[in-house]
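Here are my notes on the model, as numbered points. Please read them with the structure open.

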Amino acid sequence: MSGVVGAVGGPKAAACGRVRVAPGGGERAVSGGTSPSLVNTTNVADPPSDGAVAVSGAVPEETYDFASLRRERYVLQETARSLLPRHRVAGCLWHVSGVSAVVEVMYSKVCERARYRSLMTCGSVWACPVCAARITEKRAEELRAALAKNTELGGSAGFATFTVSHKHEDSLQTVLEGFLASFRYLTSKPSYKRLRARWGVRGSVRVLEVTYGRNGWHVHAHVLFFFEGKHDAGDVVGFEAELFPLWESAAARHSLTMSRERGVQVVLAYGTVEDYVAKYGHGPRWEVPREMTKGHIKRGRSVDGLKHLTPWEMLAFAAAGDVRCGARFRECVEHFDGKAQLGWSPGLRASLGLDGDPPESDHALATAGEKDDDPAGEIQRDHWPSVRVNGGRARLLQLVEEDGGDFGRAAAFVAARVAARPAVARRNLDLLPPEIAAALPAMHAEQTARNCWRGAAPSLSAGEV
Ligand SMILES: [Zn+2]
């Protein structure tokens with residue numbers, strides 16, 4: 001992550017929500033961008049020199065190339081297919097929808113991206129790495145717009161993290177149900193509503209997350225509070241101090257405890273939120289293996305990076321053959337499926353001038369195309385089974401993108417696949433970029449050394465999927 005942030009502009013930002021920003025190109029650059037982990041929200045970036053809240057809707061530069069990220073997502077999705085054969089993720093972008101005779105390939109010249117149409121799409125933000133990336137990209141786009149608008153209206157934002165204490169023995173069901181019930185109770189309390197009114201909270205956005213580590217399942221929520229007025233870092237410490245006892249007593253009703261230090265943390269939304277929004281939902285934190293292979297990573301950083309596994313990281317270890325991680329991923333999907341990952345408080349979208357209340361569903365976002373999508377080519381339904389295996393889905397889209405929407409090489413790729421008829425699927429691990437596949441055993445050994453598994457160390461070769 002370069003940490004360099006510039007102002008958003010140009011048609012790509014408007015149409016695709018992602019833009020590569022030239023270093024130094026922004027009128028309001030912020031520091032930050034070095035957070036190694038989504039769950040590390042304690043690093044408060046230095047405020048910008050003009051004292052303004054630097055959440056102007058800017059997007060950090062993309063660190064890795066999109067084609068490589070997509071290839072990884074498709075591989076992980078195939079792992080999810082193996083782990084959850086009866087879940088809708090198993091058919092996502094794999095089966096042709098209805099009676100369509102062809103699989104259409106669309107290309108957007110503005111976004112320089114290709115995608116499939118007429119395939120089934122699962123729209124699961126918890127089970128499907130491909131849909132989750134698309135959904136969260138759109139949601140992040142909206143969050144940026146909301147933050148920018150709030151700043152424009154003279155407001156500021158606080159980024160809060162709510163946690164509860166948990167033990168390795170606690171089941172996910174126990175932790176999740178307790179956490180959600182506590183949160184519902186908190187938000188229904190008159191004292192909480194009074195606190196919001198006193199602090200001029202215009203509204204809030206809540207994101208639900210889960211990781212797995214030494215002390216078991218770590219269910220937590222990030223809440224972005226939109227304040228109507230300008231608050232500084234000192235103010236939000238006061239807000240946190242008033243919020244903590246309310247959260248503590250709400251959790252106590254459901255027999256949950258917390259430390260003062262970790263129960264709730266609120267920081268002013270400078271670089272921290274931008275880091276979070278940019279990385280939110282974006283697959284495993286591959287920074288660790290990528291930097292490991294570049295040879296300039298400190299060991300402490302890599303250990304820290306693996307303190308908690310995200311569901312996508314569990315899926316990656318499952319792809320490498322760790323059956324226990326596969327089971328954890330399944331458990332995670334079983335309990336989170338159907339739950340909203342992100343929610344807006346009523347009226348906030350309207351007060352910030354955003355469309356839709358409630359906003360579009362996850363499934364609608366997963367299937368939505370770009371505004372200027374045009375048909376680039378099509379694949380016969382009969383040919384699709386030969387194309388889709390062994391990383392073919394990502395490869396074909398990459399060819400179309402590399403050629404600016406021309407389908408010539410993609411058609412040759414389809415013809416070659418059909419002629420070769422690849423019957424035996426390669427191992428998912430072999431389809432990952434080599435630096436990731438090579439680094440996974442070391443990451444896994446580190447995780448095991450941290451005693452996250454409490455018991456016999458799971459084998460990387462026992463259950464390849
Ligand atoms: Zn999907």
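1. This is a predicted model. My comments cover one helix and the strands that pair with β6.

2. Start with the length of helix α3, residues 129-152. Its 24 residues, at 1.5 Å each, should span 34 Å. The C-alpha atoms at its ends lie 34 Å apart, so expectation and model agree.

3. Next, the surroundings of α3. Of its 24 residues, 17 are buried, each with 20 or more other C-beta atoms within 10 Å of its own. The helix is therefore largely enclosed by the rest of the structure.

4. Check the backbone just after α3. Gly154 has a positive phi there, of about 90 degrees.

5. Now the hairpin. Strands β6 and β7 form it, with two residues between them. β6 covers residues 201-213 and β7 residues 216-227. They run antiparallel and share twelve bridges. To check the register, take Arg206: its bridge partner in β7 is Val223.

6. β6 also pairs with β10, residues 342-344. The sense is antiparallel, over three bridges. Here Val207 of β6 faces a β10 residue; which one stands opposite Val207? The residue is Leu342.

7. A further partner of β6 is β9, residues 308-309. Two bridges join these strands, and they run antiparallel. Tyr212 stands opposite Leu309 of β9.

8. Taken together, β6 pairs in the antiparallel sense with β7, with β10 and with β9. When you inspect these pairings, useful landmarks include Arg206 with Val223, Val207 with Leu342 and Tyr212 with Leu309.

Conventions
Residues are numbered from 1 along each chain as its sequence is written. This is a predicted model: local features need pLDDT of at least 70, side-chain atom pairs count only at pLDDT 80 or more; totals for chains, interfaces and linings use all residues. Helices (H or I, at least four residues) and strands (E, at least two) are DSSP runs, numbered from the N terminus. The expected span of a helix is 1.5 Å times one less than its number of residues. A residue is buried if 20 or more other C-beta atoms lie within 10 Å of its own, exposed if 12 or fewer, and partly exposed in between; C-beta atoms are placed from the backbone. Two strands pair if DSSP finds at least two bridges between them.
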